[in-house]
Amino acid sequence: MATRRVRAGIIGTGFMGRVHLDALRRLGNVDVVAVAGSRIDKARAFADAASINRAEGDYRTLLADQTIDVIHVCTPNASHFEMASAAVDAGKHVMCEKPLAVTSAEAASLCAAAAATKVRHATCYNLRCYPLVQQMRWMREAGEFGDILVAQGTYSQDWLLYETDWNWRVDAKVSGPLRAMADIGSHWCDMLEHISGERITTMCVDLATFHTSRNHAAVHTEDYGGVLFHLGSRVRGSLTVSQVAAGCKNRLSVEIYGTRASAAWNQERPDELWIGHRDGRNEILLKNPALLDPRAAAYADLPGGHAEGYGDTFTQLFRRFYRSITEDDAPRDYPHFDDGLRQMRVLDAALASHQRRGWVEVAPD
């Protein structure tokens with residue numbers, strides 16, 4: 001029996017809008033029928049380049065269209081809550097970019113609204129969908145690491161290294177009070193919690209803004225964050241996030257050290273997983289579905305020796321999200337709005353820790 005077709009609309013015409021569009025078109029049963037932008041000319045240019053017939057300058061027109069089933073929110077952070085809430089109220093399924101909102105209160109309100117309906121909802125923490133990230137998850141589930149003792153890593157980029165570099169994320173009115181921690185640090189924290197099955201419980205955070213002005217405008221968001229944290233009841237860890245790390249294009253590195261074995265993965269080399277042993281040879285596991293746990297192999301579309309990267313993680317996430325829409329009994333094995341709220345609480349603790357210059361507890365789920 002053929003999978004029923006689903007009609008989707010995208011709000012946002014920038015980089016994330018294009019990434020979502022490309023991934024959706026790989027699913028086979030999703031028709032992207034409309035796009036909305038902050039201005040009609042931007043929406044029209046996006047639509048023409050992508051051969052989409054309908055372009056709108058007001059996202060509300062997409063919500064009023066009863067033939068559109070799903071809305072993708074791919075806009076700057078400050079608009080996520082308003083747009084996602086309106087989409088839920090309109091009875092649309094919603095895929096929202098991260099962070100879910102700019103405050104935990106907004107995120108909690110959005111979660112409550114979605115829970116009161118039958119709509120499917122997801123926060124786009126796509127990076128957990130790399131095959132070898134999933135392999136780490138299932139290795140931990142199988143006890144191959146033993147008891148985890150230490151977790152550490154970084155998410156480092158260099159695209160805001162120079163004082164002349166500018167992006168809307170720099171502006172706190174658009175991105176929210178945190179930048180590096182929210183934009184990339186939340187991805188790292190979501191991935192760690194997903195792999196480990198534990199929650200970050202307390203944090204001690206130091207933030208730094210090296211460029212206090214850019215293009216003659218004052219900057220109040222951080223370029224760098226240094227984090228010490230407790231994970232669960234026993235694990236100790238550290239994290240750095242940076243958008244001023246020369247040479248690091250997108251270095252999300254996560255390392256897990258347990259009583260039996262360790263593992264490390266780097267997004268700049270996504271098809272390699274380092275596995276460490278105390279009393280035996282260390283290993284490099286290359287992405288090959290035939291060698292992975294079957295549950296991790298399900299996140300790989302290509303055979304061994306064929307690279308899968310950033311864009312593929314969106315396809316994997318969207319495939320599972322849309323399957324839950326077309327099949328009522330399908331597992332909802334993707335990050336929900338609740339996961340977005342979870343990371344907002346982590347960000348709240350990070351900001352409070354920096355402001356207080358000390359350890360802060362993360363609010364429980």
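**Pockets, packed helices and two odd spots**

C129, Y130, P131, Y299, E308, G309, D312, T313 and Q316 line the largest cavity. Keep in mind that you're looking at a predicted model. Besides that cavity, there are two pockets to visit, one of them with about 840 Å³ of space. After that come helix 5 and its contacts with helix 4 and helix 11, plus a cis peptide bond and a positive phi.

**The enclosed space**

- Rolling a probe the size of a water molecule over the atoms shows where empty space is left.
- The count here is one cavity of 30 Å³ or more, and the volume of the largest cavity is about 30 Å³.
- Which helix gives the most to its lining? That's helix 10, covering residues 310-326, with three residues.
- By type, the lining of the largest cavity has four nonpolar, three polar and two charged residues.

**The largest pocket**

- The largest pocket holds about 840 Å³ of space.
- It has 41 lining residues, and F15, M16, C74, W168 and R169 are the closest to its centre.
- Helix 1 (15-25), helix 4 and helix 8 (180-196) are the elements that each give two or more residues to this lining.
- Sorted by type, the lining of the largest pocket comes out as 16 nonpolar, 17 polar and eight charged residues.

**The second largest pocket**

- Next up is a pocket with a volume of about 230 Å³.
- Its lining is made of 15 residues, and R128, R137, E193, H194 and D339 lie nearest the centre.
- Two or more residues apiece come from helix 6 (131-141) and from helix 8.
- Eight charged residues sit in the lining of the second largest pocket, along with four nonpolar and three polar ones.

**Helix 5 and helix 4**

- Helix 4 takes in residues 80-89 and helix 5 residues 104-115; their axes come within 10 Å and cross at roughly 10°.
- Helix 4 and helix 5 are therefore roughly parallel to each other.
- On the helix 4 side, the contact uses F81, A84, S85 and V88, which meet E106, S109, L110, A113 and A114 in helix 5.
- Residues in this contact are six nonpolar, two polar and one charged.

**Helix 5 and helix 11**

- Helix 11 spans residues 337-356, and its axis comes within 9 Å of the axis of helix 5, crossing at roughly 165°.
- So helix 5 is roughly antiparallel to helix 11.
- Which hand does the crossing have, left or right? Helix 5 passes helix 11 in a left-handed crossing.
- From helix 5, the residues in contact are S104, A107, A108, L110, C111 and A114; from helix 11, they are F337, D338, L341, M344, R345 and D348.
- That contact breaks down into eight nonpolar residues, one polar and three charged.
- L110 and A114 turn up in the contact with helix 4, and L110 and A114 also take part in the contact with helix 11.

**Two backbone spots to check**

- Most residues other than glycine have a negative phi, and most peptide bonds are trans.
- Between K98 and P99 the peptide bond is cis, and omega is near -10°.
- Where is P99? You'll find P99 in the loop between strand 5 (93-96) and helix 5.
- N215 isn't a glycine, yet its phi is positive, at about 50°.
- N215 belongs to the loop between strand 9 (213-214) and strand 10 (217-218).

Methods: Residues numbered from 1 in each chain as written. Predicted model: local features only at pLDDT ≥ 70, side-chain atom pairs only at ≥ 80, totals over all residues. Heavy atoms only, no water. Axes fitted to C-alpha atoms, helices over the stretch in contact; angles between N-to-C directions. Helix = DSSP H or I, 4+ residues; strand = E, 2+ residues; numbered from the N terminus. Parallel < 35°, antiparallel > 145°, perpendicular 65-115°, else oblique. Contact = heavy atoms within 4.5 Å. Nonpolar A, V, L, I, M, F, W, Y, C, P; charged D, E, K, R; others polar. 1 Å grid on protein atoms, 1.4 Å probe; cavity = no way out; pocket = protein on both sides within 12 Å on 5 of 7 lines; lining within 4 Å. Points joined across faces, edges and corners; volume = space filled by probe spheres on them. Left-handed = near helix turned anticlockwise from the far one by under 90°.
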